[in-house]
Each structure stands twice: as structure tokens, then as C-alpha cells.
Amino acid sequence: MARSNYLFTSESVSEGHPDKVCDRISDEIVDLVYREAKKAGMDPWKVRVACETLATTNRVVIAGEVRVPDTLLKKGKDGRFLTDSKGEPAINPSRFRSAARRAIRAIGYEQDGFHWKTAKVDVLLHGQSAHIAQGVDSAADRQGEEGAGDQGIMFGYACRETPDLMPAPIYYSHKILELLAAARKKGEGDAARLGPDAKSQVTVRYVDGKPHEATQIVLSTQHLDPSWDNKKVRAVVEPYIVEALSSGGLSIAPDCTWYINPTGTFVIGGPDGDAGLTGRKIIVDTYGGAAPHGGGAFSGKDTTKVDRSAAYAARYLAKNVVAAGLAERCTIQLAYAIGVAQPLSVYVDLHGTGKVTEEQVEMALRKVMDLSPSGIRRHLDLNKPIYAKTAAYGHFGRKAGRDGSFSWERTDLAKALRKAVAEV
């Protein structure tokens with residue numbers, strides 16, 4: 001039997017955290033390729049990106065494999081396309097460098113140790129492996145479906161703890177940093193002197209299985225004024241923390257312990273203070289540890305990679321199961337093999353809260369959505385430049401945008417799910 005009274009903690013990191021800087025740059029590369037593909041008339045279904053970024057003191061390295069339109073290739077003075085050491089068309093690095101600099105500037109880095117204008121940006125992108133491409137472009141079952149870009153397992157989760165059907169600890173950890181970033185960028189009072197790099201952590205007390213109050217709050221934030229101590233930082237950030245928690249109705253325990261910049265001065269931050277890499281904050285990106293994670297990162301990958309697209313599909317389905325009133329909590333696992341279109345397995349856990357059986361839901365899910373990579377991309381309309389904004393504050397629990405972003409957060413499948421379950 002599940003515990004009903006307990007403490008649970010989740011953390012978040014800001015867009016200026018070194019790893020999140022790298023996630024943002026990698027996703028800007030994904031968006032760049034999708035945008036250029038559309039402009040050049042390239043079929044967006046043929047876009048391929050697997051981009052990894054490393055950042056350290058005034059240095060960014062972008063590496064990986066891509067399939068891009070001609071507008072992103074390098075031409076010689078005679079107008080012909082240049083080739084790399086393998087004889088493949090060579091990538092034009094200037095467009096990718098510009099995308100990285102725009103991302104760093106948007107985050108807010110204009111510091112001596114990491115500046116959007118002066119950081120050296122190395123671009124080491126090359127063409128996609130033909131051995132991977134053959135599995136993706138033509139499915140192993142030869143039925144015309146797109147094969148999965150890799151093997152793996154992906155999880156989706158939803159619960160009724162917050163308005164966006166997310167676990168409370170990660171939901172509020174994100175909210176704190178979102179509010180602080182907005183205040184910093186707007187130049188609100190002393191918040192304008194905060195730096196881009198920050199981390200938050202919220203411990204929530206659950207009573208009768210429901211989030212009741214925050215018992216521990218941790219925030220470490222970069223500040224640009226070296227004279228500030230942690231008392232000054234707390235005075236600046238506390239109103240935003242209180243606002244973030246109260247916005248979702250979570251109270252702060254009378255004996256709540258606050259840890260604000262507990263190590264003291266935090267002036268040197270971002271990649272100058274600690275090197276960053278794409279894909280190191282996958283628990284921050286998902287459910288804060290309240291649900292399983294398959295292990296694959298999202299940022300820097302086009303949506304033939306089921307690490308990304310199937311994780312979005314699993315969240316979409318879990319959210320719709322809960323929104324349909326079929327359960328209070330839902331975990332879904334999808335499993336894939338490289339080059340094979342349809343998932344090897346679909347697993348559902350309703351955590352004892354289901355109004356129907358897990359087996360009914362499993363059968364209904366396959367009825368209401370094609371879970372092949374191409375089916376997911378089609379259903380959620382993923383072949384577009386919508387990924388840079390996913391790189392911070394979580395890929396889930398966000399508002400679906402008019403531009404098609406966060407389409408996996410819609411609950412438009414609830415009615416069809418109820419019908420499919422009834423017919424099983």
C-alpha cells in the first residue's frame with residue numbers, strides 16, 4: 001500500500017545553469033534546422049539532428065550529427081558545396097555559431113568569464129551515420145512506417161497534485177525560478193542584480209496522499225553585486241518564492257527551514273563557474289524523481305529519436321488518462337527497438353487509483369493513437385521549430401502554445417480515451 005503521509009523533494013535549475021545553457025544551445029540548433037528546412041523546401045520529415053553541447057569559461061563546443069538543407073552547408077568561391085574528410089557535404093559553421101550566441105545573449109550572459117559576444121564557439125557537426133539513417137528512414141517491418149531512431153524505454157506521468165497535473169515538488173521548484181528569471185529580465189528592483197545561474201529545491205509534506213505544505217526551501221542564485229550576503233539575497237528572493245508557492249495554493253509550514261545561498265557569495269556562475277553539458281538534467285526536465293525516467297535526454301534531438309518524441313507521447317497519454325477521470329495518477333512506459341516502428345510494449349500503472357483496469361487502458365491507448373515515431377510526430381505535430389523554449393523549467397507541465405509548442409500538454413484525447421476504454 002502506498003504511503004499517505006511523507007516528505008518528498010524535487011529540484012529545478014534555471015536557464016542560466018551551465019547544463020541548461022547547453023540544452024538551450026542544442027535545442028536552438030534543432031530549431032534552426034527545422035526553420036531552414038521549411039524555408040528551403042526540404043521535407044521536414046527528413047530533418048535529422050543529434051546535437052551535443054559543452055560549455056566552459058568563454059568556450060562552447062557544439063558536436064553531433066545532422067541532416068540539413070543546402071542553406072546550412074558550406075560553399076566554395078565557385079559556388080559548389082565543399083565536402084568534409086568523408087566526402088560528405090560540409091556544414092557551414094557560421095549559422096550554428098550565431099544560433100549559440102543568440103541563445104547565450106537571451107539567457108543573459110554578459111560576464112567576463114562567459115559572454116555571448118566573446119565566447120569562442122567551435123562547431124563540430126557532421127552528417128548523420130548512414131547505418132542509423134537506414135533504420136530510421138525505412139522501418140524494419142517494411143510497412144512504410146518510420147523506424148525508431150534507437151532502442152529504449154520512455155515514461156510518462158500525470159497526477160492531480162497541481163493544475164497542470166504535475167507532481168507538486170517539481171512544479172513549485174520550477175515556478176520559483178521562472179518568476180525570478182522574469183523579474184531579472186524585466187529589471188525589477190534588486191532582482192535586476194541577480195545572475196542567470198540558479199538552483200531551487202522544495203520539500204513538500206504530504207498528508208493523506210495530498211501535498212499539504214512546504215517544509216524546506218532551498219535556493220542558490222548567482223548575484224552580480226559581490227557585497228551581497230545571503231541575508232540580502234533572501235530579502236530579494238523571498239517575495240518571489242512566496243508568490244510561486246501561493247500561486248498553486250501550497251502553504252509554507254510555520255517551521256519551514258529556508259536555505260538561501262547557504263554557501264555564501266555566489267558571483268562566479270554559469271559555465272565560468274562549472275562546465276556544462278547537454279542532457280545532464282533529465283530529472284529536472286521530467287517529474288523531479290516522482291516518476292521513473294528511461295534515461296535518455298531530450299534536448300538536441302529531432303523527434304525521430306524516441307528518447308524525445310515517445311517521452312512526449314507517454315506524458316500526453318498519461319495526462320489524458322487523468323484528465324479523462326480514469327485515474328488520479330498514471331504512469332505509462334513505452335519500449336522501442338531501433339528500426340522498428342511500433343512499440344514493443346505498452347505498460348500502464350494507475351497506482352491503485354484507477355476507475356478501470358490497467359489492461360483496459362493499455363488496449364485503449366493503442367486504439368486512440370499511433371505510437372510509431374511517425375504516428376507520434378504526426379499526432380502531436382512535432383516537425384517544427386518549437387524546442388528552444390523546452391530547454392528550461394521542464395518539458396512537462398507547460399502551457400500548449402499557439403505555435404504548436406508543448407502540444408503534448410493538451411488534454412484533447414480524454415473523450416476518445418473514455419470511449420475506447422468503454423469499448424474494450
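**Close-up views of a predicted model**

**View 1. Lining of the largest pocket.** By residue class, 10 nonpolar, four polar and seven charged residues make up the lining of the largest pocket. The model shown here and in the following views is predicted. The volume of the largest pocket is about 520 Å³. Tyr6, Glu161, Gly209, Lys210 and Arg329 are the closest to its centre among the 21 lining residues. Three strands, β1 (6-13), β7 (152-159) and β9 (210-223), each contribute at least two residues to the lining of this pocket.

**View 2. Surroundings of Ser372.** Ser372 is located in the loop between α8 (358-368) and α9 (373-380). With a relative accessible area of 0%, Ser372 falls under the 20% limit and therefore counts as buried. The side chain of Ser372 reaches the backbone nitrogen of Gly375 at 2.9 Å. When residues up to four places away in sequence are not counted, Ser372 touches Glu145, Ala341, Gln342 and Pro343.

**View 3. The aromatic pair of Tyr171 and Tyr172.** The whole structure contains 11 aromatic pairs. One of them is formed by Tyr171 and Tyr172, with 5.0 Å from centre to centre and 90 degrees between the planes, an edge-to-face arrangement. Tyr171 and Tyr172 are both buried.

**View 4. The aromatic pair of Tyr312 and Trp408.** The ring centres of Tyr312 and Trp408 lie 3.7 Å apart and the ring planes are at 15 degrees, so this pair is stacked. The pair links distant parts of the chain, 96 residues apart: Tyr312 belongs to helix α7 (residues 306-323), whereas Trp408 lies in the loop between α9 and α10 (414-423). Both Tyr312 and Trp408 are buried.

**View 5. An aromatic cluster that includes Tyr312 and Trp408.** Tyr312 and Trp408 belong to one aromatic cluster together with Tyr157, Tyr287, Phe298, Phe396 and Phe406. Tyr157 lies within strand β7 (152-159), one of the strands that supply at least two residues of the lining of the largest pocket.

**View 6. Packing of helix α8.** The buried residues of α8 are Val361, Glu362, Ala364, Leu365 and Val368. These buried residues pack against two strands, β12 (329-336) and β13 (345-349), and against the helices α7, α9 and α10. Helix α7, one of these packing partners, is also the helix that holds Tyr312 of the stacked pair in View 4. The loop that holds Ser372, shown in View 2, runs between α8 and α9.

Conventions. Residues numbered from 1 in each chain as written. Predicted model: local features only at pLDDT ≥ 70, side-chain atom pairs only at ≥ 80, totals over all residues. Heavy atoms only, no water. 1 Å grid on protein atoms, 1.4 Å probe; cavity = no way out; pocket = protein on both sides within 12 Å on 5 of 7 lines; lining within 4 Å. Points joined across faces, edges and corners; volume = space filled by probe spheres on them. Nonpolar A, V, L, I, M, F, W, Y, C, P; charged D, E, K, R; others polar. Buried < 20%, exposed > 50% of the residue type's maximum accessible area, 1.4 Å probe, protein only. Polar contact = N/O pair within 3.5 Å; in protein donor to acceptor, adjacent residues only side chain to side chain. Contact = heavy atoms within 4.5 Å. Phe/Tyr/Trp six-rings, centres within 6.5 Å; stacked < 30°, edge-to-face > 60°.
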